[in-house]
Amino acid sequence: MRKSASLVVGALGAGLLLAGALTAVSVEPGPTAPPSATAPVSSAPPVEAAAADGTGGVIGWGNGLWQQRPVPAGLTAGVAEVRVGGLHALARKADGTVVAWGNNVYGQTVVPAAAQGATALAAGWAHSLALKNGGVVGWGNDWFGQLKIPDAAKSGVTAISSYGYHNLALKQGGQVISWGTRDDVPPEAQSGVTAISVGGDHNLALKNGGVIAWGANEWGQLNVPAAAKSGVTAISAGWDHSLALKSDGTVIAWGNDEYKQSTVPATATGVTAIAAGWTHSVVLLSTGKVIAWGWSNSSAIAVPATAGSGVFAIAAADRFNLALK
């Protein structure tokens, strides 16, 4: 069930006022709340591949409005996973050490001891999640119960995802659990699911190579194209658009296309990983090169030269991206 959208917007306004700077600089179009996105980790490219242990150094680019830039010292090597939230960013090192940086008005970058040793991460607007020993640990903002981990998500969890104010967890056997502003899960996502991705107010699940979508549909987020109903290997939900990666390396996009975030360029071939942001999209090519498209006034699509080769993982959210190289 979807909790009151008006309550979300009202509370968001109060939260941004508390956070302190956005009202003075927020002149950009888009949704009220900056989201977070998750992206699947691809296999290492053939050139300038990741270290033998599957780790690398963090590259960050984009607006960095909430002190996500520069990337903290100590993340130039040995990082296995990165995630971007609305106000902050997360990295997981090979030994399970979790590092968080950016805005900390809700404690989202104060990593609790219980989250250290994590095997996966997820970042919402101003909260963070870690997966440890099959259970979910959360910290940061809890306006809508994002940190009230359901009993079902305290064991047997294999994957987590977050965006805005709600979360998903994937259980052994393919059952999806949802909590926060949205806690509904359709019957078809109660078993057999192999991947999950949370959007601003919609969700995606991958089952038998086809995409399942539920939640808000103001921008056609739930209108899954026929091409995304089979042969899909990865999914990524943005604020109000979605991406699907096909087994042949092509990308399918749908939902909001106001800023061309759902218009896949011809250069997006041989793709190995996808990340849907707020008003932009990011993909990783088999060559290790990152490309991005969407809102042309956003520095999030200005991919730096350092992300032109050797990249093996990506993450995207509100006008900010991270990559591992």
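The protein chain exposes about 11,400 Å², and carbon and sulfur atoms supply 55% of that area. I should state at once that this is a predicted model. Of the 325 residues in the protein chain, 57% are buried.

Turning to the fold, the secondary structure of the chain consists of 2 helices and 21 strands. If we take the contacts in the chain with a separation of 6 or more, 52% of them link residues 24 or more positions apart.

Allow me to present two regions, beginning with a hairpin. Strands β8 and β9 form this hairpin, with 2 residues between them. In the turn, G164 has a positive phi of about 60 degrees. Strand β8 covers residues 157-163 and is mostly covered, with 5 of its 7 residues buried. Its partner β9, residues 166-171, pairs with β8 in the antiparallel sense over 6 bridges. Within this pairing, I160 stands opposite A169 of β9.

The second region is an open sheet. Here 3 strands are arranged in the order β14-β15-β16, with antiparallel pairing. The edge strands are β14, at 232-237, and β16, at 251-255; each of these pairs on one side only. On average, neighbouring strands of this sheet are turned by 20 degrees against each other, with direction ignored.

How many bridges join β15 and β16? Strand β15, residues 241-246, pairs with β16 over 5 bridges, in the antiparallel sense. At the residue level, S242 has W254 in β16 as its bridge partner.

Methods:
Residues numbered from 1 in each chain as written. Predicted model: local features only at pLDDT ≥ 70, side-chain atom pairs only at ≥ 80, totals over all residues. Heavy atoms only, no water. Buried < 20%, exposed > 50% of the residue type's maximum accessible area, 1.4 Å probe, protein only. Helix = DSSP H or I, 4+ residues; strand = E, 2+ residues; numbered from the N terminus. Pairing = 2+ DSSP bridges. Contact = heavy atoms within 4.5 Å. Areas by Shrake-Rupley, 256 points an atom, 1.4 Å probe, with all protein chains shown as cover. Axes fitted to C-alpha atoms, helices over the stretch in contact; angles between N-to-C directions.
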